[in-house]
Amino acid sequence: MEIGILETRYTDFCRNCGSTPNDSILLAFAKAKLLKSLNEACILEINIDKVTEIDFAPLTAVFSLVNLSEVVAVDVLHTSRCIIVNGQGLLTLIRCIGPKLRTVDLKGVSLGKDALRDLLERGLPCQILNLSSCRTRKLNMTGQFLALHTMNLDFNVYVTNLPEGCFSYMPKLRRLSMCETRIANFWTTVAALSRLPSLSELRFQNCLCCNDTGQCPLSSTEKTNSFIQESHSLNQACKAWCMEWSCIDHDSVRFPDSESSETDIEAFHDIFSDDESIMRHHLVHSSGEDSSDESVGELQFHLRESIPLEDSLADIQQTDFLGNLSRRGNGITDMDFNDANTFVRQFVQVGAEERLFVTDEVFSSRGDGLMSIRDRGMQGNISDVSGNSFGNTVSLDAFYDAAETSTLLRASAISNGEGTSGDELNNEDSVMPAGIALRRNASHHPSSICFEKNYREFMIASLPGLKVLDNLPVTQLERERARTVFEQYFESLPYNRREKENVFNILKGRETGIGSGILFPCKRKRLGTSNGNAISFSRSICAAKMASCAWPATYPISKLKRNSTENSTDINKKFRPRQFEYHPSDASLMVFGTLDGEVVVINHESGKIVGHVQSVGANHSILGLCWLNKDPSKLIAGSDNGTLQLYDVNRMRSTVLLSRYGAGSSSRNPATYTYEEFEQLTSVHINATDNYFLASGYSKHVALYDVCSGKRLQVFEDLHREHINVVKFAHHSPYLFATSSFDQEIKMWDLRQKPTHPLYTTTSLRGNVMVCFSRDDHYILSSAVDNEVKQHLAVDGRLHMKFDIAPTGSAQNYTRSYYMNGRDYIISGSCEENVVRICCAQTGRRLKDLALEGRGSRSSLYVQSLRGDPFRDFHLSVLAAYLHPESKSEILKINLLSSDVCCKDHNFDLQYLPLSGMGG
């Protein structure tokens with residue numbers, strides 16, 4: 001069918017519907033006929049800006065005939081910055097086009113939550129899709145996009161993760177852009193991207209001079225080396241560097257590879273182009289919870305203008321800096337960094353609002369006297385001339401600016417024959433590290449994941465088919481380096497397993513006696529286990545299961561209601577947990593204390609209440625909980641008002657049973673003892689033989705109690721210079737205990753000695769929130785404010801491992817860490833972050849990060865406390881909470897060996913808890 005006949009059909013359909021033909025549609029037919037007359041591909045471009053609902057019916061009818069016409073492709077575009085359309089009607093119209101649908105540009109289009117969900121879950125037959133600034137919260141792209149090869153998801157600032165099933169049906173997708181999103185988790189991101197077999201170009205931040213995902217035309221190694229070789233003096237090198245920043249060609253465009261058809265060229269050129277109106281999306285405010293997961297229309301935005309780079313550079317006073325370099329001549333000394341840092345401070349002061357390219361390249365010393373930029377920079381904050389410290393983003397940029405300047409200094413010295421041989425100039429990695437050299441082409445709009453340490457190396461090592469990342473080419477040398485960095489800082493599978501293995505093959509190997517060839521011999525036996533082969537088998541099963549569970553199963557266990565015989569106003573009121581502990585010998589039991597002074601024992605496997613009691617002094621938070629070791633039916637609970645009581649779970653059981661049958665008044669008091677109060681209590685812990693327990697709080701003292709007699713035996717005064725937040729007995733020695741204090745010290749004590757001097761003292765850079773022993777008492781694990789986690793030998797306090805967890809810079813980011821799987825792994829979380837980090841206790845390498853996602857703003861979600869399940873490997877529970885006072889808290893069980901597919905539809909609520917370093 002000729003294009004003219006198709007146009008006639010359109011006018012006929014309009015007449016039948018009683019509407020006037022749309023001028024923009026007639027113009028589209030005219031352009032298509034013009035292309036045909038020029039012997040070019042007949043492409044029909046539909047601009048939805050001018051399309052109204054009355055046009056949908058005739059357009060739907062004519063689009064159903066497109067496949068029978070000579071039209072090669074149909075593009076659905078728009079030019080307005082933000083439009084609101086009938087989303088369902090537009091989707092119906094688009095889907096009528098069928099396989100000739102080429103480009104769908106919905107950048108900034110408000111489709112509505114139902115239409116957007118329908119688009120993501122059902123898919124489209126288009127080849128190019130632009131969903132930038134679509135304001136979705138959940139990117140559930142589980143639909144079929146079988147022809148899609150290019151997709152833009154930039155500026156979706158409320159997308160925090162890629163859910164399970166995302167990108168499942170995109171076999172041809174080669175180019176993907178996700179700039180300025182809040183995606184931050186390495187593991188779920190890589191798991192989703194690994195489903196894209198054709199993915200070769202990816203970006204989470206864009207080069208300033210590039211309009212697509214391809215390699216930046218200014219980033220080749222040859223141009224970098226040529227630039228350096230032409231700089232024969234220090235002054236010339238620095239001037240050339242500054243000049244190149246201001247002379248970037250902003251109109252440079254990279255077109256698709258040779259596999260793309262000519263009809264794709266123009267659409268591909270436009271799909272990634274920057275709209276100045278969305279150049280700088282910045283989240284200002286989020287009003288608590290949102291009733292919808294997708295709709296964020298009520299949330300407030302504002303746009304930040306991007307500072308032109310050439311204007312920033314023009315304002316830098318570089319005379320003194322360049323003059324100082326000239327006076328130094330060609331000598332490279334350890335003082336060169338100070339001059340570079342002065343220059344950096346001026347640059348940061350002028351362009352602090354400009355977010356530049358972020359990479360994790362380290363400019364390392366090569367024996368030429370230059371100290372590592374990271375070594376220097378991370379020792380202190382870079383500040384402006386007024387003394388104001390900048391955040392991580394600006395500081396990292398400053399480090400890299402200084403690194404690049406220092407590299408140019410060194411390169412100039414090399415070109416003059418000083419310091420090293422001229423052959424080094426021919427080595428693409430020796431002259432200038434790739435991330436620094438290529439960074440001279442400034443990049444913008446980084447997603448949250450770009451600020452994670454070793455971001456580029458992790459992505460390259462995990463996605464072997466990637467050819468271009470963030471407009472920078474992935475070279476073979478960089479890929480090899482990425483593998484080295486990955487093996488140094490990360491575990492791909494638990495227990496150092498090298499390859500993914502099928503559970504069936506492991507079971508078959510055990511039954512037949514033929515090993516898989518990848519099972520490593522057990523180097524040590526777990527406490528209480530005598531069969532090394534059984535441990536190796538168990539670990540292999542765990543590794544195989546974890547390999548297939550990037551999204552672990554997560555579900556709440558404290559969504560329980562009070563008994564029906566209680567006050568009618570409280571019947572439907574849910575508990576507000578503040579502290580919890582697993583039972584030491586019964587795998588099904590857990591106790592938690594609430595903000596209202598309640599002690600609740602539950603069966604966390606069945607979700608039923610076993611016992612429930614109100615402690616003395618209502619409306620006081622339960623901060624200390626501890627089960628007895630020898631008598632598993634008893635536990636000690638302490639509240640922040642100083643109350644300490646010993647409870648019998650059997651009496652709590654009878655209270656629950658009697659209350660169900662209306663006889664609650666005749667039940668016995670579950671409290672066996674009420675001990676002398678310890679004011680402002682934050683922690684209690686019992687020794688291995690159940691003879692004594694210790695209490696600490698907002699004081700410098702620790703109190704020792706006799707469990708059986710109910711008496712306070714002694715108060716150890718002034719053990720620390722500041723308050724003692726947590727006290728812990730050893731698991732096996734009834735006399736050894738450790739104290740952690742905000743005076744930055746951890747101390748080990750022995751009850752058999754007079755507590756005037758500790759056995760030893762270890763120190764931290766910040767105040768210590770807590771300390772705990774490993775199950776075999778071989779190590780102690782200390783957690784200081786803002787992710788400072790260390791493991792020491794329990795025998796003498798020597799440092800065994802410092803875990804590399806990035807700080808946030810907050811003095812209120814209280815961190816708590818515990819052991820998991822005996823002492824094989826540690827889990828760590830902080831009260832200003834929503835991430836639980838899992839690290840190997842022996843190597844320090846990161847196994848996985850778990851990002852907790854609830855309803856509302858991600859930034860308001862945090863980890864209040866956490867524990868590893870003592871009976872199940874790779875199981876843990878987390879007390880998660882919101883800052884918002886009207887939200888609700890929850891204890892979440894997490895199973896790392898099971899997929900979240902069965903729990904993905906469960907929306908758990910979280911609860912307000914005051915930010916505090918109290919308790920463990």
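The exercises below, each with a worked solution, concern helix packing, a sheet, aromatic pairs and backbone angles in a predicted model.

Residues are numbered from 1 along each chain as its sequence is written, and side-chain values use heavy atoms, with hydrogens and water left out. Because the model is predicted, local features need pLDDT of at least 70 and side-chain atom pairs count only at pLDDT 80 or more, while totals for chains, interfaces and linings use all residues.

**Exercise 1. Determine how helix α1 is oriented relative to helix α2, and which residues meet.**

Solution.
1. Helices (H or I, at least four residues) and strands (E, at least two) are DSSP runs, numbered from the N terminus. Axes are lines fitted to C-alpha atoms, for helices over the stretch in contact, with angles from 0 to 180 degrees between N-to-C directions.
2. The axes of α1 (residues 3-17) and α2 (residues 23-37) come within 10 Å and cross at roughly 170°.
3. Helix α1 is therefore roughly antiparallel to α2. The classes are roughly parallel under 35 degrees, roughly antiparallel over 145, roughly perpendicular from 65 to 115, and oblique for the rest.
4. With contact taken as heavy atoms within 4.5 Å, Ile3, Gly4, Leu6, Glu7, Tyr10 and Thr11 in α1 meet Ile25, Leu26, Phe29, Ala32, Lys33 and Lys36 in α2.
5. By class, this contact has seven nonpolar, two polar and three charged residues. Ala, Val, Leu, Ile, Met, Phe, Trp, Tyr, Cys and Pro count as nonpolar, Asp, Glu, Lys and Arg as charged, and the others, Gly among them, as polar.

**Exercise 2. Establish the strand order of the sheet containing β29, and identify the edge strands.**

Solution.
1. Two strands pair if DSSP finds at least two bridges between them.
2. The order in this open sheet of four strands is β29-β30-β31-β32, with antiparallel pairing.
3. Strands β29 (724-729) and β32 (760-763) each have a single partner strand, so they stand at the edges and one side of each lacks a neighbour in the sheet.
4. Five bridges join β29 to β30 (residues 736-741); Lys728 has Ala738 in β30 as its bridge partner. The two strands form a hairpin with six residues between them.
5. At the other edge, β31 (residues 745-750) pairs with β32 over four bridges, and Lys747 has Thr761 in β32 as its bridge partner.
6. Six of the six residues of β29 are buried, so this strand is largely enclosed by the rest of the structure. Buried means under 20% relative accessible area, exposed over 50%, and partly exposed in between (1.4 Å probe, protein chains only).

**Exercise 3. Classify the ring pair Phe186 and Phe490, and locate both residues.**

Solution.
1. Rings of Phe, Tyr and Trp (its six-membered ring) pair if their centres lie within 6.5 Å; planes under 30 degrees apart count as stacked, over 60 as edge-to-face and the rest as tilted. The whole structure holds 21 aromatic pairs.
2. Here the centres are 6.1 Å apart and the planes are at 75°, so the pair of Phe186 and Phe490 is edge-to-face.
3. Phe186 belongs to helix α6 (residues 186-193) and Phe490 to the loop between α17 (476-489) and α18 (503-512), 304 residues apart.
4. Phe186 is buried at 4% relative accessible area, and Phe490 is buried at 6%.
5. Both belong to one aromatic cluster with Trp187, Phe458 and Phe486.

**Exercise 4. State the phi value and the location of Asp786.**

Solution.
1. Most residues other than glycine have a negative phi.
2. Phi of Asp786 is near 65°, a positive value.
3. Asp786 lies in the loop between β34 (779-784) and β35 (788-793), and is buried with a relative accessible area of 3%.
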